[in-house]
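Trainee: Could you walk me through the nonpolar interior of this one, up close? I'd like to hear how the packing relates to the domains.

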Amino acid sequence: MVKNIAVIRGDGIGPEIVEQALNVLNKVAELYGHTFNYTAVDMGGCAIDKWGDPLPEQMLKKCVESDSVLLGAVGGNKWNDVPGHMRPEKGLLRLRAGMGVYSNNRPAKIWKQLADASPLKKSIVDKGIDFIIVRELIGGIYFGEHKTEGDTAIDVLTYNEKEIERIGRIGFETARKRNKKLCSVEKSNVLDSSRLWKKVMHRLAEQYPDVELSDMLVDNCAMQIVKNPAQFDVIVTENMFGDILSDEASMITGSIGMIPSSSLGATTCGLYEPIHGSAPDIAGKDLANPIGTILSAAMMLRFSFDMPKEADAIENAVSAYLDAGYRTADIMSEGMTQVGCSRCGELIISNLRKE
Ligand code: NAD
């Protein structure tokens, strides 16, 4: 298969971690007979320096015209004093809006080799934690009317059937590519918007008989994520609930450098990026952990390019690398061998096998 990937290296550690992810993709292409073409896109601080704009129109166009976008990270102290509309992070918001990605998907997975890094009890971690939160990204209370009248503040929460249905589909499709269990999280005992959410999810379920749908109230879900996270495969939820639950879920895994994410809309063209920022404190020192970006590339293969075997191969290579006892500084522990960003990439590639 031939795929065109827009590549945003960005700022700080962005270029270092993206280089390792591209090396991994090149090895996958060689093993499986694919061609990945890369188009470099300037976004963030580096684009402000070069173009005077964190995401020039011609750069957004390259992303929209690609088969998917791989992003490192943007931002840094150097651009702290630029006006608000020119900040590097504005480029990211414009990219998400321009690509029309309304679904943010964040996995919570504990690698058995890093179980000690989790703040959860060993007996809970040992049951295995591997789920994805699919969060609606451009609707709900964050996008409703906000106003203050005297001593009263008002934030409006609105969802319509179309908005719920399109995120619901992403939830069902994601579950279909995993263990076929979808948990819809809402607050239908109190909120009308949640009752509509639940109704639409159950209507959609008729089109996905192979996926088992369950319902859970958000307060219970917040408890279950720390009490028995092994029960979850895919969680689908609205914007504010997803914001809070996905941060809770990433904390239980223990390392920010290991977590990938994807954002998807109506097409298969997605935005793939690690959840961390540009880490200016370690930039240019070959210290960054590239695994969050490498796993983001694996998500791209699985969810946008329908290449599950290739995605499995990358995830297995990461697991083999951890099994062999190598760690970057952020996840280093006693008895392990510390490696830098580029060596980490090389070792993961040396473990890549055709599944
Ligand atoms: P950060 O995620 O960049 O760093 C937080 C801490 O985690 C730092 O100590 C850093 O060294 C460490 N860290 C992060 N990623 C790591 C990795 N891959 N390997 C090893 N250690 C890692 O968050 P911050 O310091 O709050 O933000 C720095 C800059 O990044 C800011 O300008 C912020 O606006 C920006 N940012 C960008 C994105 C994005 O591009 N999507 C997201 C968050 C923050």
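Mentor: Sure, terms before residues: a nonpolar core is a set of buried Ala, Val, Leu, Ile, Met, Phe, Trp, Tyr and Cys residues joined through side-chain atoms within 4.5 Å, where buried means under 20% relative accessible area, with a 1.4 Å probe and protein chains only. Keep in mind that this is a predicted model, where local features need pLDDT of at least 70, side-chain atom pairs count only at pLDDT 80 or more, and totals for chains, interfaces and linings use all residues. Residues are numbered from 1 along each chain as its sequence is written, and side-chain values use heavy atoms, leaving out hydrogens and water.

On to the largest core: it has 62 residues, and Phe36, Phe172, Leu301 and Ile348 have the most contacts inside it. Helix α10 (residues 291-304) is the top contributor, with nine residues; helices here are DSSP runs of H or I, at least four residues, numbered from the N terminus. Domain 1 (1-106 + 257-355) and domain 2 (119-252) each supply at least three residues to this core, with bounds taken from an automatic or database domain assignment.

Now zoom in on Leu301. Leaving aside residues up to four places away in sequence, Leu301 touches Leu25, Val28, Phe36, Asp306, Met307, Glu310, Ala311 and Ile314, contact being heavy atoms within 4.5 Å. There's also a second, separate core of 20 residues, with Ile110, Ile133, Val218 and Ile235 among them.

As for the domains themselves, their C-alpha centres lie 25 Å apart, and 14 residues of domain 1 are in contact with 16 residues of domain 2.

Technical notes: Buried < 20%, exposed > 50% of the residue type's maximum accessible area, 1.4 Å probe, protein only. Helix = DSSP H or I, 4+ residues; strand = E, 2+ residues; numbered from the N terminus.
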